[in-house]
Amino acid sequence: METNVAKNNDIYKLLSFEEVKEIAKNALSSDVDLIKYAIRPYCNGKIGFLGSHYWLDITAARKNETVALSFFFKTIPYEVPDQADYVIKKGVFKQEANFYSVIMPLLREGYRGEPWAPMCYKVKSDVLVFEELNSKGYSMRDKLFNETLVRAGLSALARIHAASLLAETRLGLPLNQLYPDAFIERAFNHKGKTQEWLQSGIDVAAVIADRLGYDPNLVRSVCEQVYHITKPSRTKTNVVSHGDLWGNNLLFNNDVPPKCLLVDFQLLRYSPLAHDVAQFLYLCTDRSFRETWENTMLHHYYDTLHETLNIHGAHIQTPPWSELIEGMEEQRLGAVITAVIYFPTVLMDETLGGRIINDPVSYAKYTFRDRTETVLSVMETDSIYKKRINEAVVELVELALRLDQLPKPS
């Protein structure tokens, strides 16, 4: 059969005719004849910074009917060579492909609770094809979550953590021992371009601290503590952790209350329960919310974890409440550092972010050399962006001033 594949368009080389047919067959759970397919950009802005995103539209024949299907198609950002090179060398696409091909099946086996991630219909080294969630009512929300969205997000985290505990109980060994390559630290390390990316973020934080009247060197030194949060705990229960819980990586539907699905597992970790919880609360809420609601939200997460384990009838004890509380205090500094590094980029208007990231010259400068000028310029015109960045830097300084009193990740 003919397709509308444009042979001079590299994006079409990523999936063969037979692979597209396989995707349609898997989605429909039946044999199909592929009629045609098309790949088009998902949106004009930048919804993620370590991949490119498209729609995959398929028309297929099944028995006596023609079926139209749409999928979310994610690949290495080949259209920006420097960005593609960074993603490949950083190993983040490989990490997510490994998650969906190796770890996800283990987490799904025997799991009977609410879903916490979308279905993935095709995994290749540089391609992932997922169910299309927009037509099912799921969408990204404003990057400052309210109580309802926080509860939904924490429920999803509790469920993936429960699935991790159930899988390990069944397998009899920690997942990071069985599959060490699946949990290599990709976000924070001292190597190559990743170190340059991190240093550029620290430089911005130091400049903002100085403008707020604080010692920039204090910010530079305390940011070194971020490396301590990336390791599994020696004293607490560890689980499969998402590791990258900024606003665009949680999708919500319109149910009351909404359901949440987690997406983008490129920075997967094996960490204590509180790691994801702290990262989520600091990346998706403001300080006022945490001061008012943190304890209530921790109880909600813990109750959902306990309930999810219980419905499986497994002979597994819910980790003690004290582990979550102690873990939050151990993870708090790392979560604030992550927010300080992330916010200038992930809170930026997506159209502007797309222009910067998709242009090879501005991408290289902003990501690896100097993003200060751009960030300060946006802060002058976007009051919410400015407020959240300043708030995160102030809280980081406050924690840095009592660093010796803070519990260390253990």
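# Briefing: cysteines, fold and selected residues

Cys120 is partly exposed, with a relative accessible area of 21%. Cys260, in contrast, is buried at 6%. Both cysteines belong to a predicted model. The model contains zero disulfides. Its chain has 410 residues and a radius of gyration of 21 Å, which agrees with the value near 22 Å for a compact globule. The points below cover the cysteines, the whole chain, the backbone and four chosen residues.

**Cysteines**

- A disulfide is a covalent bond between the sulfur atoms of two cysteines.
- The structure has zero of these bonds.
- Cys120 takes part in no disulfide, and the nearest cysteine sulfur, that of Cys260, lies 18 Å away.
- That distance rules out a pair because the sulfur atoms of a disulfide must be within 2.5 Å.
- Cys260 is in no disulfide either; the nearest cysteine sulfur to Cys260 is that of Cys284, at 9.1 Å.
- Cys260 counts as buried because its relative accessible area is 6%, and the cut-off for buried is under 20%.
- Cys120, at 21%, counts as partly exposed.

**Whole chain**

- The secondary structure consists of 14 helices and nine strands.
- The C-alpha trace spans about 70 × 55 × 40 Å along its principal axes.
- For 410 residues, a compact globule would have a radius of gyration near 22 Å, so the chain's 21 Å agrees.
- Buried residues make up 56% of the 410 in the chain.
- Among contacts with a separation of 6 or more, 74% link residues 24 or more positions apart.
- The accessible surface is about 17700 Å², and carbon and sulfur atoms hold 50% of that area.
- There are 45 positive and 52 negative side chains. The centres of these two sets are 3 Å apart.

**Backbone features in loops**

- The peptide bond from Val256 to Pro257 is cis, and its omega is near -5°.
- Pro257 sits in the loop between strand E7 (250-252) and strand E8 (260-262).
- Asp264 is not a glycine, yet it has a positive phi of about 70°.
- The loop that holds Asp264 runs between E8 and strand E9 (269-272).
- Asp264 is buried, at 12% relative accessible area.
- Ser29 also has a positive phi, near 55°, in a residue other than glycine.
- Ser29 lies in the loop between helix H1 (17-28) and strand E1 (33-41).
- Ser29 counts as exposed because its relative accessibility is 67%, and the cut-off for exposed is over 50%.

**Asn146**

- Asn146 is placed in the loop between strand E5 (127-131) and helix H4 (147-171).
- At 42% relative accessibility, Asn146 is partly exposed.
- Asn146 and Asp286 are 140 residues apart along the chain, with their C-alpha atoms 9.6 Å apart.

**Leu28**

- Leu28 belongs to helix H1.
- Its relative accessibility of 18% makes Leu28 buried.
- Beyond its neighbours within four places in sequence, Leu28 is in contact with Arg62, Val67 and Leu69.
- Leu28 and Val67 are 39 residues apart in sequence, and 9.4 Å separates their C-alpha atoms.

**Tyr121**

- Tyr121 is in strand E4 (residues 120-123).
- Tyr121 counts as buried at 18% relative accessibility.
- Setting aside neighbours within four places in sequence, the contacts of Tyr121 are Ile23, Asn26, Ala27, Phe71, Val129, Phe130 and Glu131.
- The C-alpha atoms of Tyr121 and Val20 lie 10.0 Å apart, with these positions 101 residues apart along the chain.

**Glu131**

- Glu131 is located in strand E5.
- Glu131 is buried, with a relative accessible area of 12%.
- Apart from neighbours within four places in sequence, Glu131 touches Phe71, Phe72, Pro118, Met119, Tyr121 and Lys136.
- Phe71 is therefore a contact of Glu131, and Phe71 is also among the contacts of Tyr121.
- Glu131 and Gly192 are 61 residues apart along the chain, and their C-alpha atoms are 35 Å apart.

Technical notes. Residues are numbered from 1 along each chain as its sequence is written. This is a predicted model: local features need pLDDT of at least 70, side-chain atom pairs count only at pLDDT 80 or more; totals for chains, interfaces and linings use all residues. Side-chain values use heavy atoms; hydrogens and water are left out. Buried means under 20% relative accessible area, exposed over 50%, partly exposed in between (1.4 Å probe, protein chains only). Helices (H or I, at least four residues) and strands (E, at least two) are DSSP runs, numbered from the N terminus. The radius of gyration is taken over C-alpha atoms; the globule rule is 2.2 Å times the number of residues to the power 0.38. Contact means heavy atoms within 4.5 Å. Accessible areas come from the Shrake-Rupley method with a 1.4 Å probe; for residues, only the protein chains shown count as cover. Lys and Arg count as positive and Asp and Glu as negative; His and the chain ends are not counted. The place of a charge is taken as NZ of Lys, CZ of Arg, CG of Asp or CD of Glu.
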